[in-house]
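Welcome! Here are some short exercises to work through with the structure open beside you. Try each task before you read its solution.

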Amino acid sequence: MRFSSLVFSVAAVAVLASPAAANAPKVPRQLAKMDAEAFRSAARVDDDDLEFATVISTRNGFRKEWRVNGSTWVDSHIEAHIDKRTGDTRFEVHQALRYQGSQRLYDAVHFENGDGKLVAQPLDRALRGDDTMCPNSEFNSDCSLTMKLVFSVDETQLKAAMARQEGWDLKFKGQPTGEGDLRIRIVPAEIEGLLLAVEDYQANAINAC
């Protein structure tokens, strides 16, 4: 009798947990194993004398696309834009995707904030790649199309996302039907690595004065 109750309890938990588990975005095993120091040391610093901001990026931390479903490949990174005049720092999430099929539309991203509340935030930019020639009269099958999605986020939100051990889950939204919705996950080590790289840059800037 106890065994039957235990089996029922375990099964019930599995049923309740299965939707979240099924929806959880996947990340490559190599990316999941990376630590903050790996992203910190690989951080790219663009400090052009003719620009008003220095850009620090995790783009070089993991330079591989990965497949999130049968027809979509993604590559994510985050950036810090440090205003040289004021010292203010603005953060951006950059999502590149390549997919097969017809053109998609994205205009917002969903995520949980530090209080666990769901947020729907408009994208700053949704840029298409050079797909003007596809499809055309000579090529009518599914095309390989690209997009770059960008949205801004503050440091408080990044730190809250970093505290999530499982990672920061994002869902890019477009069409009302949900077709083409894109779920991705940013690992905490990438966020921590960027924040450490920003601290390094700011410390060096102070020492240089």
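**Exercise 1.** In what sense do strand S6 and S10 pair, and over how many bridges?

Before solving, note that this is a predicted model, where local features need pLDDT of at least 70, side-chain atom pairs count only at pLDDT 80 or more, and totals for chains, interfaces and linings use all residues. Residues are numbered from 1 along each chain as its sequence is written, and side-chain values use heavy atoms, leaving out hydrogens and water.

*Solution.* Start with S6, residues 106-112: its pairing with S10 is antiparallel and runs over four bridges. (Strands are DSSP E runs of at least two residues, helices H or I runs of at least four, numbered from the N terminus; two strands pair if DSSP finds at least two bridges between them.) One bridge to look for links Val109 to Phe172 in S10.

**Exercise 2.** Which order do the strands of the open sheet have?

*Solution.* The order of the four strands is S7-S6-S10-S11, paired antiparallel. S7 (118-122) and S11 are at the edges with a single partner strand each, so one side of each has no neighbour in the sheet.

**Exercise 3.** Where does Asp181 lie, and which side chain does a polar contact of 2.6 Å join to that of Asp181?

*Solution.* First, find the loop between S10 (168-174) and S11 (182-186); Asp181 is there. Next, look at the side chain of Lys173, which a polar contact of 2.6 Å joins to that of Asp181. (Such a contact is a pair of N or O atoms within 3.5 Å; within protein, one must be able to donate a hydrogen and the other to accept it, and residues adjacent in sequence count only if both atoms are side-chain atoms.) Finally, leaving aside residues up to four places away in sequence, Asp181 touches (heavy atoms within 4.5 Å) Tyr106, Lys171, Phe172, Lys173 and Gly174.
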